[in-house]
Amino acid sequence: MKLKQLEGLLGGLTQFSDPKVELEQYATGPHIASRMLYTAENSFDDISGKVVADFGCGCGTLAIASALLDAEHVTGIDIDLQSLELAQENATDLELDIDLIQCDIKNINLKGLLVDTVVMNPPFGTKRKGADMEFLSMGLKVATQAVYSLHKTSTREYIKKAALRNCNATSAEVLCELRYALPQTYKFHSKREIDVAVDLWRFVPGARDEGAS
């Protein structure tokens, strides 16, 4: 599938109608999502034929992109039931089969499912400090091959140090810097749209301990 075709399909997905500020729910736009997954597949062969998990999947954009790029199995995980219902609706509209699990990312249980690749657009940690690192730490525990994640460019040095020192990553690489066009989602937003510089990261997990789930 070509990049433009992937972006077009993702652009047709239904997004949050009433996002929850405490969960930092911002839709992953089709421009960023398509490039994130297209890079994972075409530069690293991390999607097609692989078992992929989307952490904090929201309305399912990254999970659906993975399925469109022929992932063998896709699981979307989110704490918010309304988001999962939206993700299911989006997947059904495109006749895609993805599994959806409602749980807090800290208490994730994939029941023995061996995940190759984790993709995510985690909370930036603006409302709850450290939320971004919770997602990254768990992603590196679950993935056997790679973790793809978006983080504010302003946190680049911190993210790299934390991933390598505290999260068992053996490699932490910024693949590119993207502009996250953040629409006026919540009442406290004073501007109609704001551009946030974000890094697309690829993390490689270290060897897993015996018995790790």
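This is a chat about a predicted model of one protein chain.

User: Before we start, what kind of model is this, and how are the residues numbered?
Analyst: It's a predicted model, where local features need pLDDT of at least 70, side-chain atom pairs count only at pLDDT 80 or more, and totals for chains, interfaces and linings use all residues. Residues are numbered from 1 along each chain as its sequence is written, and side-chain values use heavy atoms, with hydrogens and water left out.

User: Cool. How many helices and strands does the protein chain have?
Analyst: The protein chain has six helices and seven strands. Those are DSSP runs numbered from the N terminus: H or I with at least four residues for helices, E with at least two for strands. Starting at the N terminus, the order is α-α-β-α-β-α-β-β-α-β-α-β-β.

User: And how much of the chain is buried?
Analyst: Of its 213 residues, 49% count as buried. Buried means under 20% relative accessible area, exposed means over 50%, and partly exposed is in between, using a 1.4 Å probe and protein chains only.

User: Let's do aromatics. How many aromatic pairs are there?
Analyst: The structure has two aromatic pairs. Rings of Phe, Tyr and Trp (its six-membered ring) pair if their centres lie within 6.5 Å; planes under 30 degrees apart are stacked, over 60 edge-to-face, and the rest tilted. One of the pairs is F44 with Y148: the ring centres are 6.3 Å apart and the planes sit at 55 degrees, so this pair is tilted.

User: Where do F44 and Y148 sit?
Analyst: F44 is in helix α2 (residues 30-44) and Y148 is in strand β5 (residues 143-152), so the pair ties together parts that are 104 residues apart in sequence. F44 is partly exposed at 27% relative accessible area, while Y148 is buried at 0%.

User: What about the rings of W201 and F203, how are they arranged?
Analyst: Their centres are 5.2 Å apart and their planes are at 10 degrees, so W201 and F203 are stacked. W201 is buried, with a relative accessible area of 1%, and F203 is buried too, at 0%.

User: Back to α2. At what angle does it pack against α3?
Analyst: α2 and helix α3 (residues 61-68) pack at about 45 degrees, and their axes are 10 Å apart. Here axes are lines fitted to C-alpha atoms, for helices over the stretch in contact, with angles from 0 to 180 degrees between N-to-C directions. The two helices are therefore oblique to each other. For that word, under 35 degrees is roughly parallel, over 145 roughly antiparallel, 65 to 115 roughly perpendicular, and the rest oblique.

User: Which residues meet there?
Analyst: A33, M36 and L37 in α2 meet T61, L62, A65 and S66 in α3. Contact means heavy atoms within 4.5 Å. By class, that contact has five nonpolar, two polar and no charged residues. Ala, Val, Leu, Ile, Met, Phe, Trp, Tyr, Cys and Pro count as nonpolar, Asp, Glu, Lys and Arg as charged, and the others, Gly among them, as polar.

User: T61 caught my eye. Is it buried or exposed?
Analyst: T61 is buried, with a relative accessible area of 3%. Leaving aside neighbours within four places in sequence, T61 is in contact with L10, L13, Q15, T28 and A33.

User: How do α1 and α2 cross?
Analyst: The axes of helix α1 (residues 3-11) and α2 come within 9 Å and cross at roughly 135 degrees. That makes α1 oblique to α2. L3, L6, E7, L10 and G11 of α1 make the contact with P30, H31, A33, S34, R35 and Y38 of α2.

User: Switching topic: what's the deal with phi at D45?
Analyst: D45 has a positive phi of about 55 degrees although it is not a glycine. Most residues other than glycine have a negative phi. D45 is in the loop between α2 and β1 (51-55), and it is partly exposed at 43%.

User: And K111, what's its phi?
Analyst: Phi of K111 is near 50 degrees, also a positive value in a residue other than glycine. K111 is in the loop between β3 (99-102) and β4 (115-120), and at 73% relative accessibility it counts as exposed.

User: Last one: how far apart are Q145 and V204?
Analyst: They're 59 residues apart in sequence and 6.3 Å apart in space, C-alpha to C-alpha. Q145 is in strand β5 and counts as partly exposed at 24%.
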